[in-house]
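Please walk me through the unusual backbone spots in this protein. I would like to know where they sit along the chain.

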Amino acid sequence: MSPARDDGQHGAGRGGAGRGDSGRGGAGRGDSSRGGNQGAGGRRNAQGRQRPERVHGGQQRSAQRPSERGRTGDPQRLAAYTVMRAVAAGAYANLELPRELRDKQIRGRDAAFTTELVYGAIRMHGLYDPVIAVAAGRPVAKIDANVLDTLRLGAHQLLGMRVPTHAAVDETVALARKVNGAGASGFVNAVMRRISERDLDAWLAEVVPAEGDLVTRLSVEQSHPDWVVRALRAALLGHGAATAETVDEQLTALVTADNAAAKVSLVARPGQASVDELVESGAEASPLSPVGAVLPGGDPGAVPAVREGRAAVQDEGSQLLALALAAVPVEAEGPERWLDLCAGPGGKAGLLAALALRAGADLTANEVSEHRTELVRQTLRPALLQAGHLGRTIEVRTGDGRDIGADEPGRYTRVLVDAPCTGLGALRRRPEARWRRTPADLADLGALQRDLLSSAIDATAPGGVVAYATCSPHLAETQFVVRDVTKRRDDVELIDARPFLLDAQGQPVPVPGPGPTVQLWPHVHGTDGMFLALLRKSGPLG
């Protein structure tokens, strides 16, 4: 992690927050007002004459006592705390945060600040928790969960953002007073002052294990669960993206990239919007995706094409996978029929629908959840209107993807299986995923992934193509699934996916590894860690 930080705070204090949470040595008497009374007329000297306010750092100091400052905190930090508590209760930050920003009417730079505060505090609490434990003089398990979230927000301001130290401390204490209570605010004050005594490098030297292997050190330094770091190391080797000699360097770059804020990537759905239109709205054309653009700042909802559903926020890697499926030749006669087997919440389905209409094909978007089916329907609304004008069919329905192969054997020419997975390739965008997933999830997900891929092959007509995709590089969700399914069947073969992954100039995207599958990487491509395998059903179409 290389966050911007205030490096002006150094110190060697190693003590905890002190007994009774009074914060001795960091927060105590130094905050009290000394040297005479302060009334409405301002500060007075020993002779009772009014003195000018002290000037510090070119700015006038407040005439308020510290105890009178910031009793409520600001809306941005309060919104961040509200999202943190919702995530702790099971919500998703990428869904909860936009609602909170709308409700609080937080926009522009304030919205960007709140977003970084939430995502950074969630991503990095694997590092911040040991720091807080040292500063508090107690394990974080003995700190109330709501107070701990307040401290995580404060720690990120001090160690991961360019927030001035006094502002980070004062505003975090004010937030604690409002949401945690006056008693807890004293404890938060003491801990924050302890943390502020050292910069990030000094804290890393304190809490990152000096002994042990690289995985153990990266787990703390880059705030990933140990099992995730080990899985990513195995994935780099297994996909051919690293050798035994280069894997440590690649692993460090990968987990560091996981902690960088993801860029806002937009997709111009063909026939509904164009990249030029997005550029005219302030975006920059993507060099990676021929239908992509990158928004350097601002609210994507302010882009007319996005607001109208003709364009959308979508990772460039996700765009490339849908484009690859559409580009593979099939030996079909008459109109093609495409299937998105696991379409919710609708990102890839939206692009596939546009590509299908451009190719004169029909599309069925299937989703197992009623709620997510409705999200798909909303996403596909422009395509549904366009399909009616073109005499084509876009169908959105609810159903179990595992049943479609048996219910509709050999019906579709192109099938996408965007399988449910751990999401280890999208940790930049889903900050809570790394803390919610466990190795035990792989068994259940693996069985589901194999069933969905088998069903997709059954639903594919001879000569048709299946794209199996995940937003995880984990070998148990990618190579092993494809290998296990294909070795049990004699009616499907892997085809090389690399020639169909084309950039904005129509050239193959450089992908490390021998093929025939494709694995994208955040630290190499700047995309989510998307996996793609293309499989062709044997035999000509009848």
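Ser223 is buried in this predicted model. Its relative accessible area is 0%. Buried here means under 20%, so Ser223 qualifies. The backbone at Ser223 is unusual too. Phi is positive, about 55°, although Ser223 is not a glycine. Where does Ser223 sit in the chain? Ser223 lies in the loop between helix H9 (214-221) and helix H10 (226-238).

Now turn to Gln105. Gln105 is not a glycine, yet its phi is positive at about 55°. Its place is also between helices: the loop runs between helix H2 (93-104) and helix H3 (108-123). Is Gln105 buried or exposed? Gln105 is exposed, with a relative accessible area of 56%. The cut-off for exposed is over 50%, so Gln105 meets it. Set the two residues side by side: Ser223 is buried, whereas Gln105 is exposed.

Next come the cis peptide bonds. One joins Gly344 to Pro345, with omega near 0°. Pro345 belongs to the loop between strand E9 (337-340) and helix H15 (347-358). Follow the chain from that strand toward the helix, and Pro345 is on the way.

Another cis bond links Gly515 and Pro516. Omega there is about 0°. Which elements flank Pro516? Strand E14 (492-495) and strand E15 (518-519) do, with Pro516 in the loop between them.

To locate these sites on the model, look in the loops. Ser223 and Gln105 each sit in a loop between two helices. Pro345 sits in a loop between a strand and a helix, and Pro516 in a loop between two strands.

Note on methods:
Residues are numbered from 1 along each chain as its sequence is written. This is a predicted model: local features need pLDDT of at least 70, side-chain atom pairs count only at pLDDT 80 or more; totals for chains, interfaces and linings use all residues. Side-chain values use heavy atoms; hydrogens and water are left out. Helices (H or I, at least four residues) and strands (E, at least two) are DSSP runs, numbered from the N terminus. Buried means under 20% relative accessible area, exposed over 50%, partly exposed in between (1.4 Å probe, protein chains only).
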